[in-house]
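Q: I am new to reading protein models and would love a close look at one part. Could you take me slowly through one of the sheets and what lies around it?

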Amino acid sequence: MWYVIQTHTGEEDELITMIKRIVPKGYYEECFCIRRERFRKVGGEYKIDLYPLFPAYVFVVTEEPQRMFLELKRVPKLTKLLSDQQDSFFCVDEAEEMFLRSIQDGEHVVRRSLVEVDAQGQIIRADGPVGVYFDRIVKQRLRKRYVWIEQELLGRKREVYLGIRLKEDEV
């Protein structure tokens, strides 16, 4: 099963490194941060970079959550976060796990989806994750190249940013 560890925003990679160094590999199958492709203008040029899809969240796949929880207490960065706080080690339910698996690739990256827009600037067709969850789009920002979809995740409704690309981006 998938579990989520909450950490400080920007410290996801540091936490993953510490877990891989301190926690015996036999207690978990995988430890990762889901990232999304982000389209940004930097110094007058457009660039694509990777940004955490859920800042401050690290995912752990384990069949032994109690043992993993105890091992995580040895990770210095987590001492305060995990002590006596019930909501620091969330279990991802089956539907949420299926959603997360469906939007990412084998490298835990949510790739940008190619979209087609009409004359009014509304998305009329999309491939990839945006196409699968087209009916859940809450907001679109074509200039910034992303959409928000609404999804139940970790016990509450969340807006999930998904990157998009237009045909002209591929020139």
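A: **The three-stranded sheet and its surroundings**

Let's begin with an open sheet of three strands, which run in the order β4-β3-β7 with mixed pairing. At its edges lie β4 (45–52) and β7 (109–110), each of which pairs on one side only. Two terms help here: strands (E, at least two residues) and helices (H or I, at least four) are DSSP runs, numbered from the N terminus, and two strands pair if DSSP finds at least two bridges between them.

A word on the model itself: it is predicted, so local features need pLDDT of at least 70 and side-chain atom pairs count only at pLDDT 80 or more, while totals for chains, interfaces and linings use all residues. Residues are numbered from 1 along each chain as its sequence is written, and side-chain values use heavy atoms, with hydrogens and water left out.

Now look at strand β3 (residues 35–42), which pairs with β7 in the parallel sense over two bridges. If you find arginine 35, its bridge partner in β7 is valine 109.

Next, follow the chain into β7. Histidine 108 sits in the loop between α4 (94–103) and β7. Its phi is positive, about 60°, although histidine 108 is not a glycine. Most residues other than glycine have a negative phi. Histidine 108 is also buried, with a relative accessible area of 12%; buried means under 20%, exposed over 50%, and partly exposed in between (1.4 Å probe, protein chains only).

There is another such residue beyond the other edge strand. Alanine 56 lies in the loop between β4 and β5 (57–61). Although alanine 56 is not a glycine, it has a positive phi of about 80°. Alanine 56 counts as buried too, at 7% relative accessibility.

What about the cysteines? A disulfide is a covalent bond between the sulfur atoms of two cysteines, and here it is taken as a pair of cysteine sulfur atoms within 2.5 Å. The structure holds zero disulfides. For cysteine 33, the nearest cysteine sulfur is that of cysteine 31, 9.5 Å away. For cysteine 91, the nearest is again the sulfur of cysteine 31, at 16 Å. Cysteine 33 is buried, with 6% relative accessibility, whereas cysteine 91 is partly exposed at 38%.

After β7, you can carry on to strand β8 (residues 113–117). It pairs with strand β12 (residues 156–165) in the parallel sense over two bridges, and the bridge partner of serine 113 in β12 is isoleucine 164. β8 also pairs with strand β9 (residues 123–126), this time in the antiparallel sense over three bridges. There, valine 117 stands opposite isoleucine 123 in β9. Five residues separate β8 and β9 in this hairpin, and glycine 121 in the turn has a positive phi of about 85°.

Finally, step back to the whole protein. It has five helices and 12 strands, and its C-alpha atoms fill a box of roughly 55 × 35 × 25 Å along the principal axes. Of its 171 residues, 44% count as buried. Among contacts (heavy atoms within 4.5 Å) with a separation of 6 or more, 58% join residues 24 or more positions apart.
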